[in-house]
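Biologist: I would like a close look at a single part of this model, set against the chain that carries it. Please take the structure below as the basis for a connected answer.

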Amino acid sequence: MADTLRQVSFERLANSSYEVKNARGGSIRVGSGGAATDFTPVELLLAAIGTCSAIDVDVVVSRRAEPDEFTAVVRGDKVRDAEEGNRMENLAVEFTIRFPEGEDGDTAREALPRAVKMSHDRLCTVSRTVELGTPVTTTTND
């Protein structure tokens, strides 16, 4: 049976400030945006969407040529809606990926649009989950 469970845990550091940890020992600070360097939950969502696709794309194109530039901007509008609840709309990932001149760079440039489309349409677990609207269960342990 495949191990499908993915999990992070977090603990409170101060009011609205948390340290999130994964099973491999990595950690990141998350908060309400009051601390200068803490990521907000919305920023983490944007980062997860973008980096999930970036990993998919990077694996494909870097086999052909090492990029000279590989950056992205992920954006969206935070909507406060009393009737339907707060959410993000107009989510978009914009890659800037440049390859060296030559045959390998040409091959990578040719593969790039297909790699981006495959990541969006079926590979990136994060954006696929957001687009499919997977329910989230929230509980407490007393």
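Biologist: How many positive and how many negative side chains does the chain have, and how far apart do the centres of the two sets lie? With that as background, please look closely at leucine 123 and say where its place is.

Modeller: This is a predicted model, and the charges come first. The chain has 17 positive and 24 negative side chains, and the centres of these two sets lie 3 Å apart.

As for the chain that carries these charges, its secondary structure comes to three helices and five strands, which follow one another along the sequence in the pattern β-β-β-α-β-β-α-α. The radius of gyration is 18 Å, well over the 14 Å that the globule rule gives for 142 residues, so the chain is more spread out than a compact globule. Taken along the principal axes, the box filled by the C-alpha atoms is roughly 60 × 40 × 35 Å. Buried residues make up 20% of the 142 residues, while the area that the chain exposes is about 10700 Å², with carbon and sulfur atoms supplying 50% of it. Of the contacts between residues at least 6 apart in sequence, 42% join residues that are at least 24 apart.

Turning to the part you asked about, leucine 123 has its place in helix α2, which covers residues 103-123. The relative accessible area of leucine 123 is 35%, and this residue is therefore partly exposed, since that class lies between the limits of 20% for buried and 50% for exposed. When neighbours within four places in sequence are left aside, leucine 123 is in contact with Asp56 and Met118. The C-alpha atoms of leucine 123 and valine 57 are separated by 9.8 Å, although these two residues are 66 residues apart along the chain.

Serine 127 offers a useful second case, with its place in helix α3, residues 125-132. Serine 127 counts as buried because its relative accessibility is 9%, and buried means under 20%. Not counting residues up to four places away in sequence, serine 127 touches Ile49 and His120.

Among the strands, β2 (residues 17-22) and β3 (residues 27-31) run antiparallel and are joined by five bridges. Tyrosine 18 has valine 30 in β3 as its bridge partner. The hairpin of β2 and β3 has four residues between the strands, and in this hairpin glycine 25 takes a positive phi near 95°.

Note on methods
Residues numbered from 1 in each chain as written. Predicted model: local features only at pLDDT ≥ 70, side-chain atom pairs only at ≥ 80, totals over all residues. Heavy atoms only, no water. Helix = DSSP H or I, 4+ residues; strand = E, 2+ residues; numbered from the N terminus. Rg over C-alpha atoms; globule rule 2.2 N^0.38 Å. Buried < 20%, exposed > 50% of the residue type's maximum accessible area, 1.4 Å probe, protein only. Contact = heavy atoms within 4.5 Å. Areas by Shrake-Rupley, 256 points an atom, 1.4 Å probe, with all protein chains shown as cover. Lys, Arg positive; Asp, Glu negative; His and termini not counted. Charge placed at Lys NZ, Arg CZ, Asp CG, Glu CD. Pairing = 2+ DSSP bridges.
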